[in-house]
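Trainee: Could you take me closely through one part of this model, namely the enclosed spaces inside it and the residues around them?

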Amino acid sequence: MTEKWKQLDASRMLKLVFWFFTAAFLVAALVSPDRGSLISGLKALYTTPAQVTKDYFAVGGLSATFFSVFLVSLLCALLYLLPGAVANGVSFTAYGLTVGFSFWGMHLLNIIPTMLGVLLYCAVKREKVAKNVNFMLFSTGIAPIVTDMFLRYPGLELHGYTPASIALGIGVGLFIGFFTPAGCAYSPNAHKGFSLLSAALPLGMMSFFLRSLLYTALGGQLPPTEAVLGESRPVVFYAFLGAVFCLCLVLGLWKNGWSFRGYGRLLKSSGYKTDLSSQFSPALALMNIGIYGLFIMLYYTLVGASFNGATLGLVLCMLACGVAGSHPGNVWPIMVGYVVMSFLAKWLFVGESYTLAINAQAILTGLCYANGMSPIAGKYGWGAGIAAGMLHYTLVTCVPALHGGYLLYNGGFTACLVCILFVPALERFLRIKEEAPAKSA
């Protein structure tokens with residue numbers, strides 16, 4: 001068993017990680033104190049609009065939320081078992097974002113239509129489904145608009161699931177999923193690979209189009225963007241995430257011969273167009289998942305975040321880039337940029353009340369996806385990373401007006417916009433920082 005674990009390749013290891021998280025969500029659902037209300041909680045989740053931030057702990061309770069995440073995670077893990085499906089750094093990003101958002105925007109009912117859209121794309125293009133699993137997961141980034149089609153479009157009042165609304169929701173989901181693979185393939189050309197959340201750009205443009213079509217051209221009533229946030233639950237936050245990340249670290253150390261050998265070189269990696277599991281080793285990538293996860297928890301603790309369900313999901317979403325290139329060494333400058341801009345904005349604020357403190361939910365959400373710009377800090381140095389973080393902080397709360405609050409990848413879309421604006425200037429005025437040689441441990 002020990003030798004098999006140590007010799008496991010990156011793809012199979014990541015697939016096991018997916019199943020490990022899936023099991024963790026199920027265990028959390030079964031041990032939650034409110035497990036007696038699991039069914040009624042699921043019903044509440046499935047009948048509540050998901051526009052903007054809806055803390056599912058507050059909507060359906062702990063057990064129902066963890067069980068809903070388990071169902072989504074189970075579907076994702078099963079998709080990667082398709083013959084020919086390969087799991088890599090991008091796959092971990094797709095998986096991490098999907099399960100993370102299942103704490104406040106996604107559930108099984110609103111993601112299946114977009115996944116079916118990718119299946120339709122595969123049928124039309126005669127491509128193997130196994131090669132498009134990542135796109136299936138990324139297509140779920142506009143899931144809240146599918147929920148609104150199901151529950152209340154074209155008005156503001158909830159009418160529930162009807163044959164017509166179900167058909168409309170499925171139709172919108174098919175449209176989203178069908179065009180996701182083409183958009184994702186083109187996106188890196190726009191930001192030159194400096195955004196690890198590349199799928200957010202086409203999904204952002206698609207959500208902007210759907211918002212304009214459904215709520216302007218066709219005259220639907222756009223619902224107000226009202227967040228639902230529950231109480232802070234630090235015990236749940238630290239117990240669940242702490243146990244999961246520590247176990248990932250221990251398993252990574254075991255696979256690496258109970259040594260941190262090679263991790264120092266990983267921390268010097270730029271994160272630009274890389275996959276830590278192949279550039280270094282599967283063991284070091286797994287260690288980074290654990291260490292990076294604990295690092296994110298430390299940041300949210302230091303800034304005084306509210307440990308609600310949405311925040312727990314945000315940590316998993318931020319962790320999503322932990323195999324595709326993000327690590328503490330290239331993310332800390334972006335965090336510093338957020339902190340600096342928060343205090344600078346408060347000092348220069350000219351309005352009546354300042355609402356964008358560093359621990360405000362909107363800012364916590366924004367920082368979660370700003371880590372997608374970590375290659376900027378890795379390639380151009382910590383100063384550029386801080387500047388990128390400051391730009392992201394400035395833009396992230398303005399972007400929802402474009403898509404009406406339906407884009408779960410809002411912060412990732414903002415990261416792509418920052419890269420499109422900022423990277424050309426960096427290329428013109430700064431030299432790329434030299435990377436340390438990265439050899440496998």
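Mentor: What follows is a look at the cavities, and then at the nonpolar core. Please keep in mind that this is a predicted model, in which two cavities of 30 Å³ or more are found.

The second largest cavity, with a volume of about 50 Å³, is lined by Phe-21, Phe-92, Tyr-95, Gly-96, Val-99, Leu-316, Leu-319 and Ala-320. Helix H6 (89–101) and helix H16 (309–319) each provide at least two of these lining residues, and H6 gives the largest share, namely four. Sorted by class, this lining comprises seven nonpolar residues and one polar residue, with no charged residues.

Three of the names in that lining, Tyr-95, Val-99 and Leu-316, return among the contacts of Phe-25, which, once its neighbours within four places in sequence are left aside, also include Phe-66, Phe-70, Phe-103 and Phe-240. Phe-25 itself belongs to the largest nonpolar core, a set of 140 residues, where it is one of the six that touch the most other members, along with Leu-137, Ile-145, Tyr-300, Ile-376 and Tyr-409. Helix H15 (residues 282–302) contributes the most to this core, with eleven residues.

Tyr-409, from that group of six, leads to the largest cavity, whose lining includes Tyr-409 together with Thr-93, Leu-97, Phe-138, Tyr-369, Gly-412 and the run from Leu-196 to Ala-200. This cavity holds about 60 Å³ of space, and its lining is made up of eight nonpolar and three polar residues, again without any charged ones.

Key: Residues are numbered from 1 along each chain as its sequence is written. This is a predicted model: local features need pLDDT of at least 70, side-chain atom pairs count only at pLDDT 80 or more; totals for chains, interfaces and linings use all residues. Side-chain values use heavy atoms; hydrogens and water are left out. A nonpolar core is a set of buried Ala, Val, Leu, Ile, Met, Phe, Trp, Tyr and Cys residues joined through side-chain atoms within 4.5 Å. Buried means under 20% relative accessible area, exposed over 50%, partly exposed in between (1.4 Å probe, protein chains only). Helices (H or I, at least four residues) and strands (E, at least two) are DSSP runs, numbered from the N terminus. Contact means heavy atoms within 4.5 Å. On a 1 Å grid over the protein atoms alone, a cavity is a set of points where a 1.4 Å probe fits but cannot get out, and a pocket is an open set with protein on both sides within 12 Å along at least five of seven lines; lining residues have an atom within 4 Å of a point. Grid points are joined across faces, edges and corners, and a volume is the space filled by probe spheres set on the points. Ala, Val, Leu, Ile, Met, Phe, Trp, Tyr, Cys and Pro count as nonpolar, Asp, Glu, Lys and Arg as charged, and the others, Gly among them, as polar.
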